[in-house]
Amino acid sequence: MMLVPDTRDVAPRLVTGAFILNSGLEMLRADEATAETVHGMATAAYPFLRQLPAERFTRLLACSEVAVGGALLAPFVPTRLAGLALTGFSGGLVGLYLRLPGMRRSGSLRPTPEGMALAKDAWMLGIGLGFLTAPCRRRAAARSRRAAHRRHGRCHCHFR
């Protein structure tokens, strides 16, 4: 049985998934200068990433974006699982915004003009967190079957 996303989840999954997938596909074609820039920003926020060469890091980031975007677009991926991937990915981007100097106004979370491009990624974190709070449809279906069984106590089904 394939569970399709709830109607309320379709639009944010499509829009967010297409956006992230496109970004990943573009980054797969990144030249050396772009890779150095992307890697430089990432290492300023997350110093442990200096261990990776710039081109390898950019390629891994691009593949991650393609995977997250694809998971959001694939209807057979449960919304909560897609939300977990989106929350992890966007959490890293929001961390980048919070850690990089010059992205926020002094003593505030409000972005500077330079930080606006990263600050907008907070919407993806909100969508991901919303997906994580989605009800587990398999559990709800099992509860419904058990309730039906209690109403029809004479049946010999295996949902006791």
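Is arginine 8 buried or exposed, and what is its relative accessible area? Arginine 8 is exposed, because its relative accessible area is 53%, where buried means under 20% relative accessible area, exposed over 50%, and partly exposed in between (1.4 Å probe, protein chains only).

The structure on display is a predicted model, in which local features need pLDDT of at least 70 and side-chain atom pairs count only at pLDDT 80 or more, while totals for chains, interfaces and linings use all residues. Residues are numbered from 1 along each chain as its sequence is written, and side-chain values use heavy atoms, with hydrogens and water left out.

**Overview**

Begin with a cartoon of the whole protein. The protein has seven helices and zero strands, where helices (H or I, at least four residues) and strands (E, at least two) are DSSP runs numbered from the N terminus. Read from the N terminus, the order of elements is α-α-α-α-α-α-α. Of the 160 residues in the protein, 33% are buried.

**Stop 1: the salt bridges around arginine 8**

Select residues 6, 8 and 9. In general, side chains of opposite charge can pair when their charged atoms come close. A salt bridge here is a side-chain nitrogen of Lys or Arg within 4 Å of a carboxyl oxygen of Asp or Glu. By this rule the protein has four salt bridges. One of them joins aspartate 6 to arginine 8, with the closest N and O atoms 3.2 Å apart. A salt bridge also connects arginine 8 with aspartate 9, at 3.8 Å from N to O. The two acidic residues can be coloured by accessibility: aspartate 6 is partly exposed at 21% relative accessibility, whereas aspartate 9 is buried at 6%.

Next, select residues 120 and 121. Lysine 120 and aspartate 121 form a salt bridge whose closest N and O atoms lie 3.2 Å apart. Aspartate 121 is buried, with a relative accessible area of 6%, and lysine 120 is partly exposed, with 37%. Returning to the earlier selection, Asp6, Arg8 and Asp9 are joined into one network by salt bridges that share partners.

**Stop 2: arginine 13**

Move to arginine 13, which lies in helix H1. Which side chain of opposite charge is nearest to arginine 13? The nearest is aspartate 9, 6.1 Å away, and arginine 13 is buried yet has no salt bridge; for this purpose Lys and Arg count as positive and Asp and Glu as negative, with His and the chain ends not counted. Show the backbone of residue 77 as well: the side chain of arginine 13 reaches the backbone oxygen of valine 77 at 2.9 Å.

**Stop 3: the nonpolar surface patch**

Switch to a surface view and select residues 10, 14, 15 and 73. Val10, Leu14, Val15 and Leu73 form a nonpolar patch on the surface, with about 310 Å² of accessible area together. Patches are made of residues with over 30% relative accessible area and no salt bridge, like charges being joined within 9 Å and nonpolar side chains (Val, Leu, Ile, Met, Phe, Trp, Tyr) within 5 Å. Accessible areas come from the Shrake-Rupley method with a 1.4 Å probe, and for residues only the protein chains shown count as cover. Helix H1 (residues 7-28) gives the most to this patch, with three residues. Valine 10 is located in helix H1 and counts as partly exposed at 34% relative accessibility.

**Stop 4: an aromatic pair**

Rings of Phe, Tyr and Trp (its six-membered ring) pair if their centres lie within 6.5 Å; planes under 30 degrees apart count as stacked, over 60 as edge-to-face and the rest as tilted. By this rule there are two aromatic pairs. Select phenylalanine 19 and tryptophan 123: their ring centres are 5.8 Å apart and their planes stand at 70°, so the pair is edge-to-face. This pair links distant parts of the chain, with phenylalanine 19 in helix H1 and tryptophan 123 in helix H6 (residues 122-132), 104 residues apart. Phenylalanine 19 is partly exposed at 40%, and tryptophan 123 is partly exposed at 32%.

**Stop 5: two buried residues**

Select valine 68, found in helix H3 (residues 54-73). Valine 68 is buried, with a relative accessible area of 9%. From valine 68 to alanine 85, the C-alpha to C-alpha distance is 6.0 Å, with their positions 17 residues apart in sequence.

Finish at methionine 103, in the loop between helix H4 (79-99) and helix H5 (116-119). Methionine 103 is buried, with a relative accessible area of 12%. Methionine 103 and leucine 118 are 15 residues apart in sequence, and their C-alpha atoms are 7.9 Å apart in space.

Definitions and conventions: A polar contact is a pair of N or O atoms within 3.5 Å; within protein, one must be able to donate a hydrogen and the other to accept it, and residues adjacent in sequence count only if both atoms are side-chain atoms.
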